[in-house]
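User: Please take a close look at the salt bridges in this model and walk me through them in one connected account. I would like to see where the partners sit and how open they are to the surroundings.

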Amino acid sequence: MKVLVTGASGFIGAALCDSLLVRGDIVVGLTRDPQRARRTNPGIEWQPWEPTLERPPAQAFEGVEAVVNLLGEKINQRWTEEAKRRIMESRRTGTHNLIGAIAGLERKPKVLVNQSAIGFYGDRGEAIVDESAERGEGYDAEVVGEWEAAAREVEGTGVRLVIVRTGHVLDPRGGLLAELLPPFKLGVGGPLAGGSQYMSWIHIDDEVGILLWALDNEKVSGVVNSTAPNPVTNREFSQAIGRALRRPAAMPVPGFVLDLKFGREFGQVLRGGQRVMPRRALDLGYEFRYADIDSALKSLL
């Protein structure tokens with residue numbers, strides 16, 4: 001199968017592309033700098049694209065049977081007005097331009113798997129939520145809502161759409177775990193802002209597994225939560241990192257430290273959380289390789 005991937009240079013995209021190549025698929029990557037990308041991963045067919053300014057080139061879709069859209073400015077940064085604009089437009093306008101290119105093709109891909117995020121649900125405290133829950137409140141929920149709305153523009157073209165709402169992807173090469181590891185390795189890690197907030201996480205192998213499963217299975221469509229079936233509190237997560245590293249994990253990080261690093265608005269998001277269940281993935285037959293936090297972190301660390 002020939003698969004086009006946006007966001008292929010991120011840690012999730014790189015892991016997905018590696019898995020596609022290993023199983024014998026042909027991978028096309030869209031990037032702002034094809035020459036640099038070719039030096040990093042020459043096994044991918046790289047094509048140029050400025051996501052917020054233009055549609056991808058038509059030649060990038062030649063022979064493509066499936067598209068995975070992982071595009072998006074990183075969310076874990078200080079939310080200045082300029083950063084918020086980039087976060088929103090990279091997802092909303094970038095996805096809109098991608099769908100515009102797909103809609104104009106004479107021979108369209110069979111499926112679009114579009115990345116999303118559990119930020120859609122907003123801060124839900126201890127309440128258990130699944131794909132049937134309505135959108136929450138806050139800027140992160142607004143961004144994800146716009147992102148998904150742009151992806152739904154493909155509906156009516158005959159392309160099967162899967163929206164994958166992803167939790168915290170655990171991988172020491174990127175994301176939340178990469179940021180937390182240095183203090184934990186030094187023995188000064190601990191729960192964030194009290195640690196009572198729920199964290200819905202997923203091992204990188206299962207994140208890639210769900211993306212591939214969504215690509216390959218025609219019965220999968222609509223929204224799917226990509227989170228392990230056993231969410232934990234931030235305190236439990238911190239203790240599990242400590243066990244995996246054999247380091248203490250009792251040094252709490254006060255909320256004001258989060259505000260100093262990320263600003264008040266994103267600091268508030270980190271104080272909140274979601275207790276998300278992957279109901280549709282389980283109902284449709286996906287089998288998680290890592291369902292509990294200890295086995296996941298042991299394999300990674």
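Analyst:

**Salt bridges around helix 3 and beyond**

In this predicted model, Arg 85 is joined to Glu 82 by a salt bridge in which the closest N and O atoms are 2.7 Å apart. Both residues belong to helix 3, which covers residues 81-103, and they are 3 residues apart, or about one turn of the helix. Arg 85 is partly exposed, its relative accessible area being 45%, and Glu 82 is partly exposed as well, with a value of 38%. Because partly exposed covers the range between 20% and 50% relative accessible area, Arg 85 at 45% and Glu 82 at 38% count neither as buried nor as exposed.

Glu 82 also meets the side chain of Arg 86 in a salt bridge, with an N to O distance of 3.8 Å. The cut-off for such a pair is 4 Å between the side-chain nitrogen and the carboxyl oxygen, so the distance of 3.8 Å between Arg 86 and Glu 82 qualifies. Arg 86 and Glu 82 again both lie in helix 3, here 4 residues apart, which is about one turn of the helix. Arg 86 is partly exposed, with a relative accessible area of 31%.

A further salt bridge links the side chains of Arg 279 and Asp 130, at 2.9 Å from N to O. Arg 279 lies in helix 10 (residues 279-283), whereas Asp 130 lies in the loop between strand 6 (128-129) and helix 4 (139-151), so this pair ties together parts that are 149 residues apart in sequence. Arg 279 is partly exposed, with a relative accessible area of 33%, while Asp 130 has a relative accessibility of 19% and therefore counts as buried, the limit for that class being under 20%.

Returning to helix 3, salt bridges with shared partners join Glu 73, Glu 82, Arg 85 and Arg 86 into one network; Glu 82 is one such shared partner, being paired with Arg 85 and with Arg 86. For the model, the count comes to 17 salt bridges, and those described here are among them. As general background, side chains of opposite charge can pair when their charged atoms come close.

Definitions and conventions
Residues are numbered from 1 along each chain as its sequence is written. This is a predicted model: local features need pLDDT of at least 70, side-chain atom pairs count only at pLDDT 80 or more; totals for chains, interfaces and linings use all residues. Side-chain values use heavy atoms; hydrogens and water are left out. Helices (H or I, at least four residues) and strands (E, at least two) are DSSP runs, numbered from the N terminus. Buried means under 20% relative accessible area, exposed over 50%, partly exposed in between (1.4 Å probe, protein chains only).
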